[in-house]
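User: Please take a close look at how one pair of helices packs in this model, then place it among the other local features.

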Amino acid sequence: MTPNELKKALSTGLLSFPLTDFDKELRFEPKGYANRLEWLMPYGATVLFAAGGTGEFFSLEPQEYSQVIKTAAETCKGRVPIVGGAGGGTTLAIKYAQEAERNGAAGVLLLPHYLTEASQEGLLAHVEAVCRSVKIGVIVYNRGATRLTAETLAKLAERCPNLIGFKDGTGDIERVVSIRQKLGDRLVYIGGMPTHEVYANAYKALGVPTYSSAVFNFIPRTALEFYNAYWSGDQATVGRLINEFFLPYLAIRNKGEGYAVSIVKAGATIVGKTAGPVRPPISDLKPQEVEELAALIRKLGPQ
């Protein structure tokens, strides 16, 4: 898949990032992961992000990372494009990006470099180096310590033909508007706020129509029901699902740091599709919180 073909695939339909399966000893479990992808693919997500944030990229060591990407690419080959997460400092991010390409990923989601702040000059050099290290498409994730300006992105878009996408997880409306206005259709724009469904209408108005869904991991039917209603303008269904599920879900998620990942893994276990526990330093939901989530899921009916 060429970068432009991936860009087109990312421009419509629901996107998602599968959980990474761990066993009780917190080792990567490839068979369970492949089964997870086989379960999710028929629901119709247009692109899947392997080893992304919800896939606990930050906890994977390099050999595991390669296994995750290879398993995803081989399982989904010819059916759903796989984009591999990559992050960390420039040298490490390049190695992850090249491993994603080597193992069959159609693109790279460049995650934040993490702890230290960086100048726009430094971010430009970082993103450019990663783009130049691979031939596959690159989507930059604007979140955390990585906050690109419209001017920086314009320079990157000019220098890096395979930079195809911008994913925002900051909620900085002014910045998103300036980027969308300056770059137009040069990039594909993806919503990447935690539980983005509650932000979807606002981002659509900004020219960011597609988004990645975490809840697709455990309530795929409902995730698609919401997306289809949102895309078609059925605001009655959008409002109902926000009130009946997403706002109560957020109330549980907001009870703990790191729960944006933990609650998704708990949801998968509740519906009989466990991906195992989360890895430290993230912690699993408490038993009472799991029961609250289970009650919320039961109200949605079969998935």
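Is the crossing of H4 and H5 left-handed or right-handed?

Analyst: The crossing of H4 and H5 is right-handed (the near helix is turned clockwise from the far one by less than a right angle; anticlockwise would be left-handed). This is a predicted model, in which local features need pLDDT of at least 70 and side-chain atom pairs pLDDT 80 or more, while totals for chains, interfaces and linings use all residues. Numbering starts from 1 along each chain as its sequence is written, and side-chain values use heavy atoms, without hydrogens or water.

Helix H4 covers residues 90-102 and helix H5 residues 120-133 (DSSP runs numbered from the N terminus: H or I of at least four residues for helices, E of at least two for strands). Their axes lie 9 Å apart at an angle of about 30° (lines fitted to C-alpha atoms over the stretch in contact, angles from 0 to 180 degrees between N-to-C directions). H4 and H5 are therefore roughly parallel to each other (under 35 degrees; over 145 is roughly antiparallel, 65 to 115 roughly perpendicular, the rest oblique).

On the H4 side, Thr90, Ala93, Ile94, Ala97, Gln98 and Glu101 make the contact; H5 meets them with His126, Ala129, Val130 and Ser133 (heavy atoms within 4.5 Å). By class, this contact has 5 nonpolar, 4 polar and 1 charged residues (Ala, Val, Leu, Ile, Met, Phe, Trp, Tyr, Cys and Pro are nonpolar, Asp, Glu, Lys and Arg charged, the others, including Gly, polar).

Beyond this pair, the largest pocket holds about 580 Å³ of space (an open set of points on a 1 Å grid that fit a 1.4 Å probe, with protein on both sides within 12 Å along at least five of seven lines; lining residues have an atom within 4 Å of a point; volume is the space filled by probe spheres on points joined across faces, edges and corners). Its lining has 30 residues, and Gly53, Thr54, Phe58, Tyr141 and Arg143 are the closest to its centre. H10 (235-253) and H11 (259-270) each supply at least two of the lining residues, with H11 giving the largest share, 4 residues. The lining divides into 18 nonpolar, 9 polar and 3 charged residues.

The second largest pocket holds about 200 Å³. Of its 15 lining residues, Ala73, Lys77, Ile82, Gly104 and Ala106 lie nearest its centre. Helix H3 (residues 62-76) gives the largest share, 3 residues, and the lining has 9 nonpolar, 3 polar and 3 charged residues.

Two backbone features remain. A cis peptide bond, with omega about 10°, joins Pro280 and Pro281; Pro281 sits in the loop between H11 and helix H12 (287-298). Leu26, not a glycine, has a positive phi of about 65° and belongs to the loop between strand S1 (15-16) and helix H2 (30-40).
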